[in-house]
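User: I am new to this structure. Please take one part, the surroundings of the ligand, and walk me through it closely. Then show me how that part fits into the rest of the chain.

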Amino acid sequence: MALDMSTLVSLCKRRGFIFQSSEIYGGINSCWDYGPLGVELKNNIKRVWWQAMVNREDIEGLDASILMHPKVWEASGHVAGFTDPLVDCKKCKHRFRPDQLQEKKCPDCGGALTELRMFNLMFKTFMGPVEDESSSVYLRPETAQGIYVNFLNVQSTLRHKIPFGIAQIGKAFRNEITPGNFIFRTREFEQMEMQYFVKPGTDEEWFEHWKEERLTWHKALGLNPKKLQFHQHGTDELAHYAKKAFDVQYEFPFGWQEIEGIHNRTDFDLSRHQEFSGKSLQYFDEATKEKYIPYVIETSVGCDRTLLACLIDAYAEEEERSVLRFHPKLAPIKVAFFPLIKDAGLQELTHKLQEETRPYFLTRYDEAGSIGRRYRRQDEIGTPLCVTVDFDSLKDQAVTVRDRDSMKQDRVSTSQLLEFLRKKIVL
Ligand code: GAP
């Protein structure tokens, strides 16, 4: 049975994964705050992505600024082309995308609708004390442009030969007309993007390479492979910069939807920045003495959407418990420590073992309620292992380690405990 999204939203709130932003003021549409467990899960996703994309010889990391020179967005085509068609209700002022309307009347109040107009999705603000057109800047709608404008900085300072890539993680902002489905489509979100610069003519090959690499990455996160597929963009779906594009889609409870886009952006962006800035962005190939503007293969994955897919995929309801079966590398808390009861001797040994583990994993201590209830609480937040210290532990220096998925219990000597945990939780 498909998971009901409201069950997930309430679990996320109840257990401290995701809260509605500004909740005490009634919330703000489509904005969400990651709570203590949500931020751990999100950091783990980012760490796993960074490890896969940057811990290699041909890709460098970057952290570019969110605010950029306004000309960047003229050059990138976002000022002219990053638009959605929109109609307004003249009576209740609600906004709709025409493709979502069945009739020519407002679906909310029956009021008359305005003519269709194009609505730019970029957020505009002002830099400095004067609010006029000359001081207006945009919040970036994609992180990619920060990479393009730094292409030669990175290439020349780190002496890279083509092909090579630049990766970054950061916030992006889009004034979406129809945000929704919890954290799936929001106006502020985080992207993990990599731009791979290649010699023109080799782009098709590199496109295929990155397409496969990225699908493999999603599978390695632990997502059910049956719920992952590619979707090729038809000519009517292609973004203004793309020659070819494939989405990695996940089967959400609300249907198959994009979590990542792989795009062949050709030399579009670098050529446009060269034209608008007047600075050469050509690469000089020492070996062949050729000068050219590289083509770009882009992989662009939403961190929030990946996190939503991981939550949905991990969630299971069983007879006596609900459980998040996260891959251990994603689990917010890796190991929970329990004394069997509130006894000074047991508490002391539990704290000691937890302290020995703390430098390696995020751990939590719990002594409230029965052991069964404590297991259920950890199952519900996806903690892979629980360690229980009982009265025998004080005599035989061994503890019980309980596995979240199999619920199997192992008796492990305290001197071997760290090694045991480290074998089970590979980061
Ligand atoms: N630089 C290319 C680019 O931005 P995109 O397909 O528009 O491409 C890439 O976005 C990814 O960013 C999407 O696959 C999705 O995961 C995420 N994303 C885009 N818009 C989003 C939104 N409004 N809310 C949450 N995630 C979003």
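Analyst: Start with one residue. H263 lies in strand β13. This is a predicted model, and that holds for every value below. Is H263 buried or exposed? Its relative accessible area is 9%. The cut-off for buried is under 20%. So H263 counts as buried.

What does the side chain of H263 touch? It makes a polar contact with the side chain of E298, at 2.5 Å. Keep E298 in view, for the ligand meets this residue too. An N or O atom in the side chain of E298 is 2.8 Å from a nitrogen atom of the ligand. E298 thus has H263 on one count and the ligand on another.

Now turn to other atoms of the ligand. R265 offers an N or O atom of its side chain, 3.4 Å from a ligand nitrogen. I259 takes part through its backbone instead. There, an N or O atom lies 2.9 Å from a ligand oxygen. How much of the ligand does the protein cover? On its own, the ligand has 550 Å² of accessible area, and the protein covers 93% of that.

Where does the ligand sit? Its place is the largest pocket. Three elements each give two or more residues to the shell around it: β10 (188–198), β13 (255–266) and β16 (295–302). Which of them gives the largest share? That is β13, with six residues. H263 belongs to this strand as well.

Look next at the make-up of the shell. There are 20 residues around the ligand. Those that come nearest are E142, E176, T186, E193 and E258. Sorted by class, the shell holds ten charged residues, six polar ones and four nonpolar ones.

Strand β10 deserves a stop of its own. It is one of the elements that give two or more residues to the shell. Q191 lies in this strand. With a relative accessible area of 6%, Q191 is buried. Its side chain reaches the backbone nitrogen of T143, at 3.1 Å.

Step back along the chain from β10. The loop between β9 (164–173) and β10 holds F182. F182 has a relative accessible area of 8%, so this residue is buried too. Which residue can be paired with F182 across the sequence? One is V9, 173 residues away in sequence. In space, the two C-alpha atoms are 7.4 Å apart.

A second pair gives another view of sequence and space. A52 and C106 are 54 residues apart in sequence. Their C-alpha atoms are 47 Å apart in space. A52 has its place in helix α2, which covers residues 36–54. Is A52 buried or partly exposed? Its relative accessibility is 33%. Partly exposed is the range between under 20% and over 50%, so A52 counts as partly exposed.

Last, the whole chain. How many helices and strands does it have? There are 13 helices and 23 strands. Of its 427 residues, 48% count as buried. Among the buried residues are H263, Q191 and F182. The C-alpha trace spans about 75 × 70 × 50 Å along its principal axes.

To return to your part: the ligand sits in the largest pocket. Strand β13 gives the largest share of its shell. E298 meets the ligand at 2.8 Å and H263 at 2.5 Å.

Note on methods: Residues numbered from 1 in each chain as written. Predicted model: local features only at pLDDT ≥ 70, side-chain atom pairs only at ≥ 80, totals over all residues. Heavy atoms only, no water. Near = heavy atom within 4 Å. Polar contact = N/O pair within 3.5 Å; in protein donor to acceptor, adjacent residues only side chain to side chain. Areas by Shrake-Rupley, 256 points an atom, 1.4 Å probe, with all protein chains shown as cover. 1 Å grid on protein atoms, 1.4 Å probe; cavity = no way out; pocket = protein on both sides within 12 Å on 5 of 7 lines; lining within 4 Å. Sits in = over half its atoms within 2 Å of the grid points. Helix = DSSP H or I, 4+ residues; strand = E, 2+ residues; numbered from the N terminus. Nonpolar A, V, L, I, M, F, W, Y, C, P; charged D, E, K, R; others polar. Buried < 20%, exposed > 50% of the residue type's maximum accessible area, 1.4 Å probe, protein only.
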